[in-house]
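Dear colleague,

I am passing on to you the structure that we spoke about, and I hope that you will find time to look through it. Please open it first, and then read the notes underneath with the model beside you.

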Amino acid sequence: MNKEVFKSVFQNNRVRMSHPRLFIYQELAASNNPLSPQELYRNLIKQKKKIGLTSIYRSLDLFESLGVVFKIVNGSNVKYKICEMDDHHHHIVCKKCGEVVELHFCHISDWSEKVKESTGYEVTDHHLNFYGFCKNCKSLQT
Ligand SMILES: [Zn+2]
Ligand SMILES: [Zn+2]
Ligand SMILES: [Zn+2]
């Protein structure tokens, strides 16, 4: 997603877009590969940006909850990538290699209706990840 879309997600959720958050976005968007919080920290410090590792962790958590990045966990390695898709979508994560694929469909609205009916809640959003084994890893499983 581009910078304008990224900013609009923050606006729509009434979350402040601070400079550190924008720096993190720019780093992630400029990189073809997923980046770890430590890598982001090193890159930003090199550019003389004032930012702490803790605030990078916090920002990435926030980004994830807003659905603008996804997290790739491979053992104890955690990396983040900016979502390509602008609209609401879900991810499937390979449990073996950590590859993530963005799914452009969501059929959960029916389910939200059921949640609303049974709880009386006003449902505003949802997060759901799928997990499994990618094509490469699937063949290694057997
Ligand atoms: Zn995504
Ligand atoms: Zn895999
Ligand atoms: Zn959905």
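What follows is a description that goes from the whole chain to its parts.

Please keep in mind throughout that this is a predicted model. The C-alpha trace of the protein chain spans about 50 × 45 × 25 Å along its principal axes, and of the 142 residues in the chain, 18% are buried. The protein chain has six helices and five strands, and when they are read from the N terminus on, the elements follow the order α-α-α-α-β-β-β-β-α-β-α. Among the contacts in the chain with a separation of 6 or more, 49% are made by residues that stand 24 or more positions apart.

The domain assignment divides the protein chain into domain 1, which covers 1-84, and domain 2, which covers 88-142. The centres of domain 1 and domain 2, taken over C-alpha atoms, are separated by 22 Å. Seven residues from domain 1 and six residues from domain 2 take part in the contact, and the side of domain 1 that touches domain 2 consists, by class, of four nonpolar, two polar and one charged residues.

Next come the helices, beginning with α2 and its two partners. Helix α2 (residues 19-30) and helix α3 (residues 37-46) have axes that come within 10 Å and cross at roughly 105°; angles of 65 to 115 degrees count as roughly perpendicular, and α2 and α3 are therefore roughly perpendicular to each other. In this pair, Phe 23, Ile 24 and Glu 27 of α2 meet Leu 40, Asn 43 and Leu 44 of α3, and the residues of the contact divide into four nonpolar, one polar and one charged.

With helix α4 (residues 53-66), the axis of α2 again comes within 10 Å, and the two axes cross at roughly 75°, so that α2 and α4 are also roughly perpendicular to each other. Here Pro 20, Arg 21 and Ile 24 in α2 meet Ser 55, Ile 56 and Ser 59 in α4, and this contact has, by class, three nonpolar, two polar and one charged residues. Ile 24 of α2 thus appears in the contact with α3 and in the contact with α4.

Turning to the strands, β1 (residues 69-74) and β2 (residues 77-82) run antiparallel and are joined by six bridges, with Val 73 standing opposite Val 78 in β2. The hairpin of β1 and β2 has two residues between the strands, and in this hairpin Gly 75 takes a positive phi near 65°.

There is also an open sheet of three strands, in the order β4-β3-β5 and with mixed pairing, whose edge strands are β4 (100-103) and β5 (129-132), each of which pairs on one side only. From one strand to the next, the twist averages 25°. Strand β3 (residues 90-94) and β4 run antiparallel and are joined by four bridges, and Glu 102 in β4 is the bridge partner of His 91.

Last, how many of the 11 residues of helix α5 are buried? For helix α5 (residues 109-119) the number is zero, so the helix lies largely in the open. Just after α5, Gly 120 takes a positive phi of about 80°.

With kind regards

Terms used: Residues numbered from 1 in each chain as written. Chains lettered and ligands numbered in written order. Predicted model: local features only at pLDDT ≥ 70, side-chain atom pairs only at ≥ 80, totals over all residues. Domains from an automatic or database assignment. Contact = placed C-beta atoms within 7 Å. Nonpolar A, V, L, I, M, F, W, Y, C, P; charged D, E, K, R; others polar. Buried ≥ 20, exposed ≤ 12 C-beta atoms within 10 Å, placed from the backbone. Pairing = 2+ DSSP bridges. Axes fitted to C-alpha atoms, helices over the stretch in contact; angles between N-to-C directions. Parallel < 35°, antiparallel > 145°, perpendicular 65-115°, else oblique.
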